[in-house]
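Q: I should like to learn how to read the surroundings of a ligand in a protein model. Could you guide me through one case?

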Amino acid sequence: MFSIVVLISGGGSNLRALLEAAADADYAARIVAVGADNDAPGLEHAEAFGVPTFTVVPTAFADRATWGDELLAQVQSWSPDLVVCAGFMRILPPRFVAALSPNLINTHPALLPAFPGAHAVRDALAAGISETGVTVHIIDEGVDTGPVLLQRAVPVLPEDTEHDLHERIKIVERGLLVEAVAGIAHQGITLGSRASTA
Ligand code: GRF
């Protein structure tokens with residue numbers, strides 16, 4: 001069975017969508033563990049589905065690289081086929097990326113390469129555009145620069161606040177992430193083979 005570890009930082013609605021999808025025997029992937037960089041509320045979704053969790057908090061380490069090494073060790077202890085960052089709000093250190101990419105993906109609330117970074121929804125609103133969206137992409141050494149796997153557009157409405165727009169994006173995002181993981185598990189979406197998670 002194609003196994004995944006999901007990394008989160010917040011509420012975990014994308015994680016929840018993956019957990020619900022994976023509860024269906026016809027879905028090709030299983031979530032073997034969920035990790036976080038803080039005591040994230042979304043970890044409760046994993047617990048509700050009986051999925052083990054781990055937390056690796058950066059402030060407990062001397063520097064980012066050491067934190068990343070411990071996060072990597074925790075992830076690799078599950079020998080996942082794929083690692084999914086679903087609202088994981090930290091830049092991953094180079095050794096972590098080198099060890100896992102291209103079997104390391106992220107979901108981002110904008111149509112990359114437009115609006116990379118932590119404030120994609122705010123930046124899209126500020127730009128006054130009429131359409132933004134969601135991107136699922138491979139994580140590489142840059143910030144939101146890796147190869148795009150799937151994208152879907154979401155209209156920006158004239159009265160949208162950042163919160164409204166992000167909530168509408170997340171409805172689309174959850175479906176797109178579930179679709180992307182299924183596609184990768186079925187090998188309809190290929191990631192390449194620069195490294196393996198094992
Ligand atoms: C998502 O829109 C993700 O792309 C962004 O943060 C949001 C996380 O949502 N980086 P959730 O925690 O999955 O509900």
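**The shell around the ligand**

A: This is a predicted model. By class, the shell around the ligand holds 2 nonpolar, 7 polar and 2 charged residues.

Q: Which residues surround the ligand?

A: A residue counts as near a molecule if one of its heavy atoms lies within 4 Å of it. Here the ligand is surrounded by Gly11, Gly12, Ser13, Asn14, Gly87, Met89, Thr107, Pro109, His166, Lys170 and Glu173.

Q: Which polar atoms of the protein lie at a short listed distance from an oxygen atom of the ligand?

A: For a polar contact, one looks for a pair of N or O atoms within 3.5 Å. A polar side-chain atom of His166 is 2.7 Å from an oxygen atom of the ligand. The backbone takes part as well: an N or O backbone atom of Thr107 lies 3.2 Å from a ligand oxygen atom, and a polar backbone atom of Gly11 is 3.5 Å from an oxygen atom of the ligand.

Q: How much of the ligand does the protein bury?

A: One begins with the area that the ligand exposes when taken alone, which is 370 Å². The protein buries 90% of that area. The ligand sits in the largest pocket.

Q: Which elements give two or more residues to the shell?

A: They are α1 (13–22) and α6 (162–185). The most comes from α6, with 3 residues.

Q: Where does the ligand lie with respect to domain 1 and domain 2?

A: The ligand lies between them, because domain 1 (1–100) and domain 2 (108–198) both give residues to the shell around it.

Methods: Residues numbered from 1 in each chain as written. Predicted model: local features only at pLDDT ≥ 70, side-chain atom pairs only at ≥ 80, totals over all residues. Heavy atoms only, no water. Polar contact = N/O pair within 3.5 Å; in protein donor to acceptor, adjacent residues only side chain to side chain. Areas by Shrake-Rupley, 256 points an atom, 1.4 Å probe, with all protein chains shown as cover. 1 Å grid on protein atoms, 1.4 Å probe; cavity = no way out; pocket = protein on both sides within 12 Å on 5 of 7 lines; lining within 4 Å. Sits in = over half its atoms within 2 Å of the grid points. Helix = DSSP H or I, 4+ residues; strand = E, 2+ residues; numbered from the N terminus. Nonpolar A, V, L, I, M, F, W, Y, C, P; charged D, E, K, R; others polar. Domains from an automatic or database assignment.
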